[in-house]
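Hi,

Here is the structure I promised to pass on. Please have a look at it in your viewer first, and then read my notes below.

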Amino acid sequence: MTEAARVLALLAEREQTLAAAESLTGGLVAAELTAVPGASVSFLGSVTAYATGLKRELLGVDGALLAERGAVDPEVALQMAAGVRDRLGADWGISTTGVAGPAPQDGQPVGTIYVAVAGPVATSARAGKVVSLRLNGARTEIRRESVRSVLELLHEELSGNARAQDTEHNGGN
C-alpha cells in the first residue's frame with residue numbers, strides 16, 4: 001500500500017477530508033493522491049500556487065511575510081497548508097514549497113524544501129507542523145521526495161492524532 005493510500009484510508013475511516021497546496025511539486029501530490037481508487041471520498045482538491053503572488057491571493061499567505069522572506073520559508077509552508085484547508089473547506093491541509101533547481105531561489109540553495117500539515121481546528125495540529133528538508137539530487141528526484149515527505153508527515157499527524165483521540169476516548173488508559 002502506498003503512503004497516499006494509507007493516508008486516504010485513515011481519512012476515510014475518520015470521515016475527514018484533505019486539500020493540498022503545492023508549489024515546487026506542481027500537482028504531483030494531487031496526482032499521487034488521485035492515483036488511489038476511491039480518493040474522492042476524502043481528497044477534495046488542490047491549488048498549485050507556483051507563482052509567489054498566488055500564494056498570497058489564493059491561499060492567504062501574508063504578503064509582508066512573502067516580501068520579507070520569500071516563498072521558501074517554514075512559516076509560508078504553514079500558512080499555505082492552513083490556507084488551502086480553509087479555502088477548500090477540508091479538515092486537513094498539506095503543502096509543499098521549496099527549491100527544486102536548477103538554480104537557487106529567494107537566497108535558498110537547491111534542495112531546500114518545507115512541507116507542512118494543518119489539521120482540523122479542534123485538534124492540536126491546528127497551528128500545524130512543518131518539516132524542513134535538505135534534499136540532494138536532480139530536480140525530478142527532489143520533487144518526488146517532497147511528495148513522499150509531505151504524505152509521510154500527514155500520515156504521522158493522522159496516526160498521532162488518532163492515538164490521542166483513542167486515549168481520550170478510553171479514559172486516558
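Helix 3 and helix 5 cross in the left-handed sense. This is a predicted model, so please read everything here with that in mind. Helix 3 covers residues 52-59 and helix 5 covers residues 74-88, and their axes come within 9 Å, crossing at roughly 40°. An angle under 35 degrees would count as roughly parallel, and roughly perpendicular begins at 65; the two helices are therefore oblique to each other. On the helix 3 side, the contacts are made by Lys-55, Leu-58 and Leu-59. Across from them, helix 5 contributes Val-76, Gln-79, Met-80, Gly-83, Val-84 and Arg-87.

Now to the sheet. Its five strands form an open sheet in the order 2-1-3-4-5, and the pairing is mixed. At the edges stand strand 2 and strand 5 (129-134), and each has a single partner strand, so one side of each lacks a neighbour in the sheet. On average, neighbouring strands of this sheet are turned by 15° against each other, ignoring direction.

Strand 1 deserves a closer look. How many residues of strand 1 are buried? Five of the five, residues 18-22, so the strand is largely enclosed by the rest of the structure. Leu-18, Ala-20 and Glu-22 point one way, while Ala-19 and Ala-21 point the other way, and all are buried. As background, side chains in a regular strand alternate between the two faces of the sheet.

Which strands does strand 1 pair with?

- Strand 2 (residues 43-48) pairs with strand 1 in the parallel sense over five bridges. Here the bridge partner of Ala-19 is Gly-45.
- Strand 3 (residues 92-98) also runs parallel to strand 1, and five bridges join the two. Leu-18 stands opposite Trp-92 of strand 3, and Ala-21 has Ser-95 of strand 3 as its bridge partner.

One last item concerns the connection between strand 1 and strand 2. Together with helix 2 (residues 28-34), these strands make a β-α-β unit, and this unit is right-handed.

If you would like a place to start, I suggest the contacts of Leu-58 and Leu-59 with helix 5, followed by the buried side chain of Glu-22 in strand 1.

Best wishes

Conventions
Residues are numbered from 1 along each chain as its sequence is written. This is a predicted model: local features need pLDDT of at least 70, side-chain atom pairs count only at pLDDT 80 or more; totals for chains, interfaces and linings use all residues. Side-chain values use heavy atoms; hydrogens and water are left out. Buried means under 20% relative accessible area, exposed over 50%, partly exposed in between (1.4 Å probe, protein chains only). Helices (H or I, at least four residues) and strands (E, at least two) are DSSP runs, numbered from the N terminus. Two strands pair if DSSP finds at least two bridges between them. A crossover is right-handed if, with the strands pointing away from the viewer, the path from the first strand over the helix to the second runs clockwise. Axes are lines fitted to C-alpha atoms, for helices over the stretch in contact, and angles run from 0 to 180 degrees between N-to-C directions. Angles under 35 degrees count as roughly parallel, over 145 as roughly antiparallel, 65 to 115 as roughly perpendicular and the rest as oblique. A crossing is left-handed if the near helix is turned anticlockwise from the far one by less than a right angle, and right-handed if clockwise. Contact means heavy atoms within 4.5 Å.
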